[in-house]
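Student: I'm new to this one. Can we go through what the labels mean and how you'd justify each of them?

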Number of protein chains: 2
Amino acid sequence: MIENDIFRALADPTRRTIFEKLAAGGMNASALRAGMEISQPAMSQHLSVLRSAKLVREERRGRFVNYEVDPEGLALIAQWLAKYRAYWPARIEALKVLLKDMDQ
Amino acid sequence: MIENDIFRALADPTRRTIFEKLAAGGMNASALRAGMEISQPAMSQHLSVLRSAKLVREERRGRFVNYEVDPEGLALIAQWLAKYRAYWPARIEALKVLLKDMDQ
DNA sequence: CAGACACATAAGCATGGACTTATGCGATTC
DNA sequence: GAATCGCATAAGTCCATGCTTATGTGTCTG
């Protein structure tokens, strides 16, 4: 189940940090490690988990692999969230921002 | 960090099932167990995790405890998601539904 | 008030997951 | 083509986590 993969991937703070970094712009695994105190295999394993969850996608560039945010994972979270829209508070600021931005 | 609590709470499929049941209407812990093959302590522990994540809130009613969805947790997910709105695909059906429902 | 009931908490166990070190593999460079 | 580089994978270790059984706490009922 992909939904399970997504939430389990985001349950780890290191992976959320990686995702956040990629959201600011795609880069390769080595660049991601900069300033993060994480070993190369650990980074590779985290990226693998994020990839399985459709939160990140890769693109080979010679001997580098460029990683970037995969919108599919985010869309799946939005779908999950939409199921519970009946419970969203009426006037949360974040949702208003969200609304404004999505409505063209 | 509450954000961490939320994603870790949702990483467990049993807890997502519990949350989904509560989204269909508040009920007590025993009622939640119906048709779920889960022990009483396990249910209690799951509810405790969901409560810490602000995904669920409780309300004592005599010797029963009624549980219901806490909108705060959902709002926090929406806020997290909103940070990455630049990556949302333009025309995902779920987002259109979301939009329509939020826009009064 | 004694028992049953709804639920929480404690403690122990077993599995999962995040890390490590070591090694493999394809691409580039000299 | 040998060495290096960027990354993936393997295997082992350690801790977190979800379960269990046992027991505690508060509430209702006969």
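Tutor: Sure. One definition to start: a residue is near a strand of DNA if one of its heavy atoms lies within 4 Å of that strand. Keep in mind that this is a predicted model. With that 4 Å cut-off, 65% of the atoms of DNA strand D within reach of the protein belong to sugar or phosphate, and the rest to bases.

Student: Which residues come nearest to DNA strand D?

Tutor: There are 21 residues around DNA strand D, and A:Ser30, A:Ser44, A:Tyr67, B:Arg8 and B:His46 come nearest. Sorted by type, the residues of that surface divide into 6 nonpolar, 9 polar and 6 charged.

Student: What makes A:Tyr67 a polar contact of a phosphate oxygen of DNA strand D?

Tutor: The cut-off is 3.5 Å between N or O atoms. A polar side-chain atom of A:Tyr67 lies 2.5 Å from a phosphate oxygen of DNA strand D, so the pair counts as a polar contact. For B:Arg15 the distance to a phosphate oxygen is 3.0 Å, and A:Gln40 has a side-chain N or O atom 2.8 Å from a base nitrogen. The elements giving two or more residues to this surface are H3, H4 and E3 of chain A, together with H4 of chain B. H4(A) gives the most, with 5 residues.

Student: Why is B:His46 called buried?

Tutor: Buried means under 20% relative accessible area. B:His46 has 15% relative accessibility, so the label fits. B:His46 lies in helix H4 of chain B, and its side chain is joined to that of B:Arg15 by a polar contact of 3.2 Å. Leaving out residues up to four places away in sequence, B:His46 also touches others, including B:Asp12, B:Thr14 and B:Ile18.

Student: What makes E1 and E3 of chain A paired strands?

Tutor: Pairing takes at least two bridges. E1(A) and E3(A) have 2 bridges, in the antiparallel sense, so they pass. For instance, A:Met27 has A:Tyr67 in E3(A) as its bridge partner.

Student: How do you know which strands are at the edges of the sheet?

Tutor: The 3 strands of chain A form an open sheet in the order E1-E3-E2, with antiparallel pairing. E1(A) and E2(A) each have a single partner strand, so one side of each is left without a neighbour in the sheet.

Student: Which residues of helix H1 of chain B are buried?

Tutor: B:Asn4, B:Ile6, B:Phe7, B:Ala9 and B:Leu10 are the buried ones. They pack against helices of both chains, among them H5 of chain A and H4 of chain B.

Note on methods
Residues are numbered from 1 along each chain as its sequence is written. Chains are lettered from A and ligands numbered from 1 in the order in which they are written. This is a predicted model: local features need pLDDT of at least 70, side-chain atom pairs count only at pLDDT 80 or more; totals for chains, interfaces and linings use all residues. Side-chain values use heavy atoms; hydrogens and water are left out. Buried means under 20% relative accessible area, exposed over 50%, partly exposed in between (1.4 Å probe, protein chains only). Helices (H or I, at least four residues) and strands (E, at least two) are DSSP runs, numbered from the N terminus. Contact means heavy atoms within 4.5 Å. A polar contact is a pair of N or O atoms within 3.5 Å; within protein, one must be able to donate a hydrogen and the other to accept it, and residues adjacent in sequence count only if both atoms are side-chain atoms. Ala, Val, Leu, Ile, Met, Phe, Trp, Tyr, Cys and Pro count as nonpolar, Asp, Glu, Lys and Arg as charged, and the others, Gly among them, as polar.
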